[in-house]
Amino acid sequence: MKKPRQRLPLAITLIATALGAGLVPKVPGHCGTLMAVPLAWWLMGHGRVALVLGTGVVTGVGTWAAGRYCAYTGKEDNQQIVIDEVAGYLVTLFLVPRTPMNLFLGFLLFRLFDVWKPWPVRLIDRQVHGGFGVMADDLAAGVYGALSLLLLTRLIPWAWPGLSAGWPF
């Protein structure tokens, strides 16, 4: 007689799916990124160090939960896992100040790079496996987003007053 499969612990599901955002059909990545916006706003309100440390915690815990979720579902990069979107979006905001416009543009840029997967993001997506593999391509997309957002704040600060206000460079 076959032993029934245990249910995945609720904590792992809540972490991996960013409180259930990954369970939304059709656009789980967008919903996961949206879940990160209030967290980003809060972390950025406490300074850059808090944002970096918070991203590290999300990445570490997310890597663990994503690995467990993948193992349980048998899918290498289950689309319901969106904690990687949370971490990638937070990385996108590393180099800019806390403004509503930066959070909005960061969202758009991160989603662009996460979906497009330019080199080496696509390579990372294909070559790195396990819980960290789930996270790594989104972290790389976040680096592209961060550099693009920083470039926008430097090239066209006049287009959006307040876009580059805040943390000086």
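**Helix α5 and two of its neighbours in the fold**

D114 lies in helix α5. I will start from that residue and work outwards. Keep in mind that this is a predicted model.

Is D114 buried or exposed? Its relative accessibility is 5%, and buried means under 20%, so D114 counts as buried. Leaving out residues up to four places away in sequence, D114 touches E85, D137, D138 and A141. There is also a polar contact between the side chain of D114 and the side chain of R111, at 2.7 Å. For the spacing on the chain, take D114 and Y89: they are 25 residues apart in sequence, and their C-alpha atoms are separated by 9.5 Å.

Now the helix itself. Helix α5 covers residues 100-116, which is 17 residues. How far apart should its ends be? At 1.5 Å a residue the expected span is 24 Å, and the end C-alpha atoms are 24 Å apart, so the two agree. After α5 comes K117, and the phi of K117 is positive, near 55°.

Which residues of α5 are buried? They are N102, L103, L105, G106, F107, L109, F110, R111, F113 and D114. On the pattern in general, an α-helix has 3.6 residues a turn, so residues three or four places apart point the same way. What do the buried residues of α5 pack against? The partners are α2, residues 28-45, α4, residues 83-92, and α7, residues 130-155.

To look at the packing from another side, go to T33. T33 sits in helix α2. Its relative accessibility is 0%, so T33 counts as buried. Again leaving out residues up to four places away in sequence, T33 touches E85, Y89, F107, F110 and R111. E85 is thus listed among the contacts of T33 and also among those of D114. R111 touches T33, and the side chain of R111 makes the polar contact with D114.

Last, the protein as a whole. The secondary structure comes to 7 helices and 0 strands, and along the sequence the pattern reads α-α-α-α-α-α-α. Of the 169 residues, 46% are buried. Among contacts with a separation of 6 or more, 76% are between residues 24 or more positions apart. The exposed surface is about 9100 Å², with carbon and sulfur atoms supplying 71% of it.

Definitions and conventions
Residues are numbered from 1 along each chain as its sequence is written. This is a predicted model: local features need pLDDT of at least 70, side-chain atom pairs count only at pLDDT 80 or more; totals for chains, interfaces and linings use all residues. Side-chain values use heavy atoms; hydrogens and water are left out. Helices (H or I, at least four residues) and strands (E, at least two) are DSSP runs, numbered from the N terminus. The expected span of a helix is 1.5 Å times one less than its number of residues. Buried means under 20% relative accessible area, exposed over 50%, partly exposed in between (1.4 Å probe, protein chains only). Contact means heavy atoms within 4.5 Å. Accessible areas come from the Shrake-Rupley method with a 1.4 Å probe; for residues, only the protein chains shown count as cover. A polar contact is a pair of N or O atoms within 3.5 Å; within protein, one must be able to donate a hydrogen and the other to accept it, and residues adjacent in sequence count only if both atoms are side-chain atoms.
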